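Okay everyone, thanks for coming. I'd like to walk through one model today, so have a look at it first and then we'll go through it piece by piece.

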Amino acid sequence: MLLKLIDSSLRISVIPLSIATIWLTVTNHQDNPSYGNLKFSNFTGLKYIVFISTISGVYAFLAALSSWIRYFATKAWLFFVSDQIVAYLMVTSGAAVMEIVSLAYKGDRTVSWSEACTSYGKFCSRMKVALVLHALALCCFLVLAVISAYRVFSMFEPPSISEKEVEEERI
């Protein structure tokens with residue numbers, strides 16, 4: 001029962017984290033008189049994190065609801081596979097945004113990209129906060145993936161080893 005409560009709490013925690021990530025990303029824009037307007041829709045990676053955050057938030061909501069329905073609660077493998085997929089998608093979207101934020105703060109002199117955060121400080125700060133919220137949601141899903149893996153694999157007995165095999169390993 002405690003594991004089920006932790007599972008539901010983590011899934012419910014993902015929802016506001018995903019909503020906040022989406023809101024911070026979608027409403028993020030800054031105008032600079034020298035360089036022009038910068039908004040989230042200028043970057044494919046930011047669109048991707050919005051898409052994946054939407055998927056993870058909706059999935060977390062549906063999974064939290066269905067975990068209390070007996071039919072779905074007995075389908076541990078369904079949660080195991082889904083949690084793994086969502087966690088991996090969140091890793092990829094987080095990595096994409098991390099690259100954007102890194103380039104915005106540091107630039108890349110080898111390809112003549114200068115850093116942009118001195119000109120677009122508010123935009124960069126909001127992206128960092130969105131990335132932190134996304135990382136927290138990812139941490140929830142990583143714990144959920146471990147919990148769902150435990151549920152799936154605890155249904156099976158460990159393989160038995162005969163005494164003959166044990167003796168052969170000792171030799």
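**Membrane spans and ground rules**

So, UniProt, in an unreviewed entry, puts the feature "transmembrane region" at residues 12-28, 48-73, 85-105 and 129-153. Those positions are in the numbering used here, the feature names are shortened, and such annotations may be inferred rather than shown by experiment. Bear in mind that this is a predicted model: local features need pLDDT of at least 70, side-chain atom pairs count only at pLDDT 80 or more, and totals for chains, interfaces and linings use all residues. Residues are numbered from 1 along each chain as its sequence is written, and side-chain values use heavy atoms, with hydrogens and water left out.

Two of those spans, then. Residues 129-153 are 100% helix and 0% strand, with the end C-alpha atoms 36 Å apart. For residues 12-28 the figures are 88% helix and 0% strand, and the ends lie 25 Å apart, C-alpha to C-alpha. Helices and strands here are DSSP runs, numbered from the N terminus (helices are H or I, at least four residues; strands are E, at least two).

Now my favourite bit, the charges. How many salt bridges does a search of the whole structure find? Three, where a salt bridge is a side-chain nitrogen of Lys or Arg within 4 Å of a carboxyl oxygen of Asp or Glu. Asp7 and Arg11 make one of them, with their closest N and O atoms 2.8 Å apart. Both sit in helix 1, residues 2-26, four residues apart, about one turn of the helix. Asp7 also meets Arg151, at 3.4 Å from N to O. Arg151 lies in helix 5 (residues 121-153) and Asp7 in helix 1, so this pair ties together parts that are 144 residues apart in sequence. Then Asp83 bridges to Arg11, at 2.9 Å between the closest N and O atoms. Here Asp83 is in helix 4 and Arg11 in helix 1, so parts 72 residues apart in sequence are tied together. Put it together and Asp7, Arg11, Asp83 and Arg151 are linked in a network of salt bridges.

Are these side chains buried or exposed? Relative accessible area is 2% for Asp7, 1% for Arg11 and 0% for Asp83, so those count as buried (under 20%; exposed is over 50%, partly exposed in between, with a 1.4 Å probe and protein chains only). Arg151 is partly exposed, at 25%.

On to the cysteines. There's one disulfide, meaning a pair of cysteine sulfur atoms within 2.5 Å. Cys117 is joined to Cys124, S to S 2.0 Å. The torsion about that S-S bond is about -90 degrees, so the disulfide is left-handed. Cys117 is buried at 10%, and Cys124 is buried at 5%. What about Cys139? That one is in no disulfide, and its nearest cysteine sulfur, in Cys140, is 7.2 Å away, too far for a bond. Cys139 is partly exposed at 43%, whereas Cys140 is buried at 11%.

Last stop, the strands. Strand 1 (residues 29-32) and strand 2 (residues 36-39) pair antiparallel over four bridges; pairing takes at least two bridges found by DSSP. A hairpin of three residues connects strand 1 to strand 2, and Lys39 in strand 2 is the bridge partner of His29. Strand 1 has Gln30 and Asn32 on its covered face, with His29 and Asp31 on the uncovered one.
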